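Here is a short report on one pocket and two helices. Start with the sequence and the model below.

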Amino acid sequence: MAASSILDGVRILDMTSVIFGPYCTATLAEMGADVIKIEPPTGDEIRRVGRPAKTRGMGPAHITLNRGKRSVVWDLKSARGKASLLRLLGRCDVFIHNLRREAIVRLGLDYDALRAIHPRLVYVHCTGFGEGGPYASKPAYDDIIQAASGAASLLPRADGQPAPRFLPMAIADKVAGLHATYAVLGALLHRERAGQGQAVEVPMFESFTHFLLQEHIYGRAFVPPVEEAGYPRQLDPQRQPLKCLDGYVAVAPYTDERWVRFFDVTGHSDFLVREKLSSARDRFHALDRMYAEMARIVAEKPLRYWLSLFSECDIPASEVKDLDAVFTDPHLAAVGFFERRTHPSEGDYLQMRPPVRFHGAPAAEVRAAPHLGEHSDEIDAWLEEP
């Protein structure tokens, strides 16, 4: 008997949009779950973001975030659409959505209503802010969460430029999507043990703040606080990529032993003597001076010299690459991270291999991102079967 993928046999009804929820359900699809995405007639708006003129409606984010899913278009405000949805829910293990509570109640799809007809259902609500707080009904996007969580204040604290700035990625959406992924898996495990489903709330604000403050809670971890929030090592303005003769290199000695080794192998151990940094404690409190000296040293020689030396001496280092250079990275090539595939209508595209490998189960075959409503007839016919 052939082995099954990790989530083979798990069926998920997905009513999420944009990035937060779709990143979660794409990750679950990569593990073998059958994800059926319910979309409005206009489709998930992420379909259109960055769409080239030649395509049939597939922007690059849609190709990535909605891979592995089947797309169904139903009018949930009609009796027929609502009936189809309820029949489909009866055959699903998980229902995940990101509608606001008021909207989902109006549709009659809140947890209390569905639990009565499907007590084993895992019901996951991807929301901006958790219930019980004053922000509960507010809409949320990545920018809003970066602002509210304090993330937009980090770059100014590191570089001294006073204007708050966003980290240039949809980091809050994606972090919350990973929280939603483990929430689904945890709830499925609970169902197997307890025999019943449950409601799960995954609020983006709390999820991202929890992620952000793992180290940045810093002195506020104690009561009363012993220092302000903000992990000094991460906020040190000297802790940046270093300019060498022909490019930039990131060097991370990190441990005290490696810092000492760095000055030794570069021929500058006299710096530690001159600065009276004879103990690990002294060096820890002088990281800013050591970073500054490291920058001065690295500026004297070319990138390949440093990468070779640091590799030989086991000092973590990497070339600072442009985004486009990542696509030719030799390590990613060796592990098959990027796979060239052909979409039936969109032509060739790159698919990223799931980063997590389950060595005791085969990888799931991930279908290409669907066209809007591509599987409506297929799902309708299946639901008519006894």
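## The second largest pocket

At least two lining residues of the second largest pocket come from each of these: strand S2 (34-39), helix H4 (101-106), strand S5 (122-127) and helix H6 (142-149). H4 gives the largest share of that lining, four residues. Helices (H or I, at least four residues) and strands (E, at least two) are DSSP runs, numbered from the N terminus.

This is a predicted model: local features need pLDDT of at least 70, side-chain atom pairs count only at pLDDT 80 or more, and totals for chains, interfaces and linings use all residues. Residues are numbered from 1 along each chain as its sequence is written, and side-chain values use heavy atoms, with hydrogens and water left out.

The volume of the second largest pocket is about 1200 Å³. Its lining counts 46 residues, and Met15, Ser17, Asn98, Leu99 and Arg100 lie nearest the centre. By class, 20 lining residues are nonpolar, nine polar and 17 charged.

## Two helices

The table sets out the spans of H8 and H9 (expected span: 1.5 Å times one less than the number of residues).

| Helix | Residues | Expected span | End C-alpha distance |
|---|---|---|---|
| H8 (171-194) | 24 residues | 34 Å | 34 Å |
| H9 (204-216) | 13 residues | 18 Å | 18 Å |

For H8, the two values agree. They agree for H9 too. Gly195 follows H8 and has a positive phi, near 80 degrees. Tyr218, just after H9, also has a positive phi, about 40 degrees.

Which residues of H9 are buried (under 20% relative accessible area, 1.4 Å probe, protein chains only)? They are Met204, Phe205, Ser207, Phe208, Thr209, Leu212 and His216.

Conventions: Buried < 20%, exposed > 50% of the residue type's maximum accessible area, 1.4 Å probe, protein only. 1 Å grid on protein atoms, 1.4 Å probe; cavity = no way out; pocket = protein on both sides within 12 Å on 5 of 7 lines; lining within 4 Å. Points joined across faces, edges and corners; volume = space filled by probe spheres on them. Nonpolar A, V, L, I, M, F, W, Y, C, P; charged D, E, K, R; others polar.
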